[in-house]
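Let's take a walk through this one together. Have the model open beside you, and we'll go from one neighbourhood to the next.

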Amino acid sequence: MDLWERRARPVLEIQVAHPNEYSSWTRWARRFDPSLRLYDSDLMLASLYCWQRGVFPLARVAAEADADGRALALECRDTEWALDYELPPLEILHIRFGGHRRVDPTHGAPLGGGAALEVEVDGRAFELDESGEPAAVAFGRLLARHDPI
């Protein structure tokens with residue numbers, strides 16, 4: 001039903017097998033017939049996914065997944081209109097070059113020597129340097145350990 005014209009309107013629903021192909025099919029349809037009125041074609045994929053499944057960012061959901069971790073079913077256990085809700089268990093992470101207060105952004109190198117990466121997570125400090133494993137690997141493990149999911 002077209003709300004503005006107050007009459008029934010024939011529509012065609014198009015679904016794609018892979019959501020990342022959605023925008024290319026939208027462009028094709030516009031080139032095919034510029035007079036077509038496309039609905040939901042300008043939504044970002046993440047928003048469209050949430051809207052189609054009745055969920056929203058940071059919603060509490062019950063999920064069913066297969067052995068490979070693919071979502072089979074989602075059930076929203078929240079309302080997006082709630083004003084009093086429980087905050088997720090988030091932590092604050094600070095990161096900087098060890099012993100440095102300034103970095104020259106034009107060169108990307110720290111000013112003043114030192115190669116350690118200092119990471120602080122809710123008051124706990126970690127120094128990641130190249131003496132053991134690469135700092136990037138240690139940082140990845142640290143992120144995985146403190147990931148709230």
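**Arg37 and its partners**

Start at Arg37, which counts as partly exposed because its relative accessibility is 44%. The labels used here run like this: buried is under 20% relative accessible area, exposed is over 50%, and partly exposed is in between, with a 1.4 Å probe and protein chains only. Before going on, a word on ground rules: this is a predicted model, so local features need pLDDT of at least 70 and side-chain atom pairs count only at pLDDT 80 or more, while totals for chains, interfaces and linings use all residues. Residues are numbered from 1 along each chain as its sequence is written, and side-chain values use heavy atoms, with hydrogens and water left out.

What does the side chain of Arg37 meet in a salt bridge? The partner is Glu5, at 3.7 Å from N to O; a salt bridge here is a side-chain nitrogen of Lys or Arg within 4 Å of a carboxyl oxygen of Asp or Glu. Arg37 sits in the loop between α1 and α2 (45-53), whereas Glu5 belongs to the segment before α1, so the pair ties together parts that are 32 residues apart in sequence. Helices (H or I, at least four residues) and strands (E, at least two) are DSSP runs, numbered from the N terminus. Glu5 is partly exposed too, because its relative accessibility is 39%.

Now look at Asp2, also in the segment before α1. Is Asp2 buried or exposed? It is buried, with a relative accessible area of 7%. Setting aside neighbours within four places in sequence, Asp2 is in contact (heavy atoms within 4.5 Å) with Arg7, Arg9 and Arg37.

Elsewhere there is more charge pairing to find. As a rule, side chains of opposite charge can pair when their charged atoms come close. A search of the whole structure turns up eleven salt bridges. One of them joins the side chains of Arg70 and Asp68, at 3.3 Å from N to O, and both Arg70 and Asp68 are exposed. Another brings Arg124 together with Glu91, their closest N and O atoms being 3.2 Å apart. Arg124 lies in strand β5 and Glu91 in the loop between β2 (71-76) and β3, so this pair ties together parts that are 33 residues apart in sequence. Arg124 is partly exposed at 39% relative accessible area, and Glu91 is partly exposed at 34%. Back where we began, salt bridges that share partners join Asp2, Glu5, Arg7, Arg9 and Arg37 into one network.

Next, follow the strands. β4 (residues 117-121) has alternating side chains: Leu117, Val119 and Val121 point to one face and are buried, while Glu118 and Glu120 point to the other and are not. β4 pairs with strand β3 (residues 93-97) in the antiparallel sense, over five bridges; strands count as paired if DSSP finds at least two bridges between them. In that pairing, Ile95 stands opposite Val119. Five bridges also join β4 to strand β5 (residues 124-128), and these two run antiparallel. Here the bridge partner of Glu118 is Glu127 in β5. β4 and β5 make a hairpin with two residues between them, and Asp122 in the turn has a positive phi of about 45°.

Finally, swing round to helix α1 (residues 22-32), where you'll find Trp28. The whole structure holds two aromatic pairs. Rings of Phe, Tyr and Trp (its six-membered ring) pair if their centres lie within 6.5 Å; planes under 30 degrees apart count as stacked, over 60 as edge-to-face and the rest as tilted. The rings of Trp25 and Trp28 have centres 5.7 Å apart and planes at 75°, so that pair is edge-to-face. Trp25 and Trp28 are separated by about one helical turn, because they are three residues apart in helix α1. Trp25 is partly exposed at 46% relative accessible area, and Trp28 is partly exposed at 43%. The rings of Trp28 and Phe32 have centres 5.1 Å apart and planes at 15°, so this pair is stacked. Phe32 itself is exposed, with a relative accessible area of 60%. Ring pairs thus link Trp25, Trp28 and Phe32 into a cluster.
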